[in-house]
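Reader: I am new to this structure and would like a close look at a single part of it. Please take me through that part step by step.

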Amino acid sequence: MPTRWVIGNWKQNLLRGPAAKLASAVAAGLADATGNTRVGVAPPYLALDVTRAARGPASLTVFAQDVAAQDQGAFTGEVGPAMLRDAGVDGAIVGHSERRAHFGDTDARVARKLEAAVRGGLHTVLCVGESLEARDEQRHESVVISQLSAALGELNSSLWTDRLILAYEPVWAIGTGRTATPEQAGAMHRTIRGWLREQRGAAGADRSVLYGGSVKPGNAAALLVAGDVDGFLVGGASLDPRAFLDIVRVAAGP
Ligand code: PGA
């Protein structure tokens, strides 16, 4: 069974003080909320350390929102996997659609970042998802498969561990309040699982595949029963500790 995860992506929000406050509110609520579900948050780079400090002994996994493809060198502005590990960060997100859309993260660059992050020992969330245009043209499955192939097709099998996490995030559902229906999410998650099985066999297909895109306490349960949904990547709702913990509780089950 894939591990169930709920991960909050705080995006470019929160200065260090409010970030620490949010992290401690989430950590405080975790004891009674998680069951076997793993919970993570992805603050901005400069709030990673205060988030780590504020989580206390709680098992809150801390992710960066991006990572460089190289550990060090003449790459102005970049932060690599070794630097994140050195700062006590547990994981990183790669290929988020906002980075693909606004910061030039091509499939090829996402593949390099993913490889470096997993090799560097980080839990690595690979985001994939189609645009509204692609969905309207019925190309959603081929878009997602081509993103998966580009990022994972050549990945050395020694790096194919449970540190590798996938997130299906239809671009048209991110920050729009418009969630994929459980049927749409379930169908895509089954497609992704099928592709993983085809590529890496039954054991290799046992990766967590999260859904993201306007997840809220009110729609989380229906998305989970859609099948093959192993948890959530949560944007807007993760900035409210009560809403985020409610989603964690839904994922953890009764
Ligand atoms: P959202 O963002 O929940 O605000 O739609 C999801 C994401 O971008 O990961």
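Reader: Which residue in β5 does Ile-93 stand opposite?

Author: Ile-93 stands opposite Val-125 in β5. The model is a predicted one. The two strands concerned are β4, residues 91-94, and β5, residues 123-128; they pair in the parallel sense, with four bridges between them.

This pair belongs to a closed barrel of eight strands, in the order β1-β2-β3-β4-β5-β6-β7-β8, with parallel pairing. From one strand to the next, the twist averages 25°. Helix α5, made of residues 107-119, packs on the sheet and touches β4, β5 and β6, the last of these being residues 164-168. The direction of helix α5 makes about 160° with that of β5. A further helix, α7 (residues 140-152), lies across β5 and β6 and runs at about 145° to β5.

The model also holds a ligand, with 13 residues around it. Lys-11, His-96, Glu-169, Gly-175 and Ser-214 come nearest. By class, the shell consists of four nonpolar, seven polar and two charged residues.

Three of the polar approaches can be given in turn. His-96 places a polar side-chain atom 2.7 Å from an oxygen atom of the ligand. For Glu-169, the distance from a polar side-chain atom to a ligand oxygen atom is 2.6 Å. With Ser-214 the backbone is involved: one of its polar backbone atoms is 2.7 Å from an oxygen atom of the ligand. On its own the ligand has 280 Å² of accessible area, and the protein covers 96% of that area.

Note on methods
Residues numbered from 1 in each chain as written. Predicted model: local features only at pLDDT ≥ 70, side-chain atom pairs only at ≥ 80, totals over all residues. Heavy atoms only, no water. Pairing = 2+ DSSP bridges. Axes fitted to C-alpha atoms, helices over the stretch in contact; angles between N-to-C directions. Contact = heavy atoms within 4.5 Å. Near = heavy atom within 4 Å. Polar contact = N/O pair within 3.5 Å; in protein donor to acceptor, adjacent residues only side chain to side chain. Areas by Shrake-Rupley, 256 points an atom, 1.4 Å probe, with all protein chains shown as cover. Nonpolar A, V, L, I, M, F, W, Y, C, P; charged D, E, K, R; others polar.
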